[in-house]
Amino acid sequence: MADQTFQTLGEFLIEKQDDFKYSSGELSRLLSAIRLASKVVNREVNKAGIAEIIGQAGMENIQGEQQQKLDVLANDIFIEALSQREVVCGIASEENDDYIEIISKENAHLSKYVVLMDPLDGSSNIDVNVSVGTIFSVYRRVSEPGTPVELRDFLQKGVNQVAAGYVVYGSSTMIVYSTGNGVNGFTLDPSIGTYYLSHPNMMFSKSGKIYSINEGNYAKFPKGVKEYLKYCQEEEGDRPYTSRYIGSLVSDFHRNMIKGGIYIYPSTSQSPKGKLRLLYECNPMAYLTEQAGGKCSDGFQRIMEIEPTELHQRVPFFCGSSDMVEKAEEFMRNAQ
Ligand code: P6P
């Protein structure tokens, strides 16, 4: 049982309400909807551990019922929670080709926020009991209030985010988020369904000794990445560094933020833009990174300055302790 002196997420949201300039409490209610949805997804993700009894997600269970794939189920749960609260006018998701216009019952189109999300990132890891996560990004709409949401409301630079965060469904379930005043982590006490402030003011250390990258793609990496990896592995000073790669972005990111480190998903000869999506993976993680004193780029330019052109576009991703990212960028520049 968590120590009762720990502040709950609900209390924290109320206390920090004043941080949201001119907010009518909508952003707090939006974050509260995400909190609720994360608890439901947490239950479903944990239940997946007995898949052979209830049937593999995406197949029939022993009652002959069609099991929804967990990432589709997570997507529905977050969309439902956000729509019910009438706090968003639109949602874009890794699971949906196009954005969804949320037509509120009462204040049709008057909600001022849009949410972009990856509802269950790394879901392929569930079958092997590895942590997965939800990633979310929040913007104010730029189109006319009271009118239908437009694509330009979603194609905004990362610097325009008003909030971003992730849920990591791991050995414990945590929500880590920022609204522009630092990064705070909350751990779920599943016995009472309450999140407690367990990691106040999370910060990346300026440097670190962990690098996270899928070295199986080494042959396809750009020259600068290959040279940076050689740098990490040579015997010199505080090197060689340690290689740690879970294959679940939120887990690799979360560990690096706590212990220091760099995560790289670069372009490869096969995927010139890399694998990770700008709008609902890289931008929210970049927002958190910079709020936590770290650095995030595509190897050359700040991730949050990239002008988006399409909902599901991919970008190369270098993220973490600032000294490590700057060193990697130096190798990328010199290899040009
Ligand atoms: P690879 C999961 O599919 C994901 O989007 C991230 O969570 C993860 O870091 C990355 O892809 C893993 O990709 O190519 O190394 O399996």
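**Exercise 1. Find the polar contact between the ligand and the side chain of Asn214, and give its distance.**

Solution. Step 1: an oxygen atom of the ligand lies 2.9 Å from an N or O atom in the side chain of Asn214. Step 2: apply the criterion, in which a polar contact is a pair of N or O atoms within 3.5 Å; within protein, one must be able to donate a hydrogen and the other to accept it, and residues adjacent in sequence count only if both atoms are side-chain atoms. Step 3: add the other partners. A polar backbone atom of Leu249 is 2.7 Å from an oxygen atom of the ligand, and a polar side-chain atom of Lys275 is 3.0 Å from an oxygen atom of the ligand. Step 4: turn to the cover. On its own the ligand has 390 Å² of accessible area, and the protein covers 79% of this. Accessible areas come from the Shrake-Rupley method with a 1.4 Å probe; for residues, only the protein chains shown count as cover.

The model is predicted: local features need pLDDT of at least 70, side-chain atom pairs count only at pLDDT 80 or more, and totals for chains, interfaces and linings use all residues. Residues are numbered from 1 along each chain as its sequence is written, and side-chain values use heavy atoms, with hydrogens and water left out.

**Exercise 2. List the residues that surround the ligand and sort them by character.**

Solution. Step 1: the shell consists of Asp121, Gly122, Asn214, Tyr245, Gly247, Ser248, Leu249, Tyr263, Tyr265, Lys275, Leu276 and Glu281. A residue is near a molecule or strand if one of its heavy atoms lies within 4 Å of it. Step 2: the shell divides into 5 nonpolar, 4 polar and 3 charged residues. Here Ala, Val, Leu, Ile, Met, Phe, Trp, Tyr, Cys and Pro count as nonpolar, Asp, Glu, Lys and Arg as charged, and the others, Gly among them, as polar.

**Exercise 3. Describe how far helix H7 is covered.**

Solution. Step 1: H7 spans residues 278-291. Helices (H or I, at least four residues) and strands (E, at least two) are DSSP runs, numbered from the N terminus. Step 2: of its 14 residues, 12 are buried. Buried means under 20% relative accessible area, exposed over 50%, and partly exposed in between (1.4 Å probe, protein chains only). Step 3: the buried residues include Leu278, Leu279, Tyr280 and Glu281. Glu281 also belongs to the shell around the ligand. Step 4: just after H7, Gly293 has a positive phi of about 80°.

**Exercise 4. Locate the cis peptide bond and two residues other than glycine with positive phi.**

Solution. Step 1: recall the background. Most residues other than glycine have a negative phi, and most peptide bonds are trans. Step 2: Arg239 and Pro240 are joined by a cis peptide bond with omega of about 15°. Pro240 is in the loop between helix H5 (223-233) and strand E10 (242-243). Step 3: Glu86 has a positive phi near 50° and is placed in the loop between helix H4 (70-84) and strand E1 (88-93). Step 4: Asn129 has a positive phi near 60° and is placed in the loop between strand E3 (113-121) and strand E4 (132-140). Step 5: Glu86 counts as buried because its relative accessibility is 11%, whereas Asn129 counts as exposed because its value is 73%.

**Exercise 5. Which residues in the loop between strand E11 and H7 are buried or exposed?**

Solution. Step 1: Thr268 is found in the loop between strand E11 (262-265) and H7, and Lys273 is in that loop too. Step 2: Thr268 is buried, with a relative accessible area of 9%, and Lys273 is exposed at 54%. Step 3: the side chain of Thr268 reaches the backbone nitrogen of Ser271 at 2.8 Å. Step 4: Lys273 and Asp298 are 25 residues apart in sequence and 9.4 Å apart in space, C-alpha to C-alpha.

**Exercise 6. Compare sequence and spatial separation for two pairs, Leu9 with Leu279 and Val138 with Lys275.**

Solution. Step 1: Leu9 is in helix H1 and is buried, with a relative accessible area of 3%. Step 2: 270 residues in sequence and 26 Å in space, C-alpha to C-alpha, separate Leu9 from Leu279. Step 3: Val138 lies in strand E4 and is buried at 0%. Step 4: Val138 and Lys275 are 137 residues apart in sequence and 22 Å apart in space, C-alpha to C-alpha.
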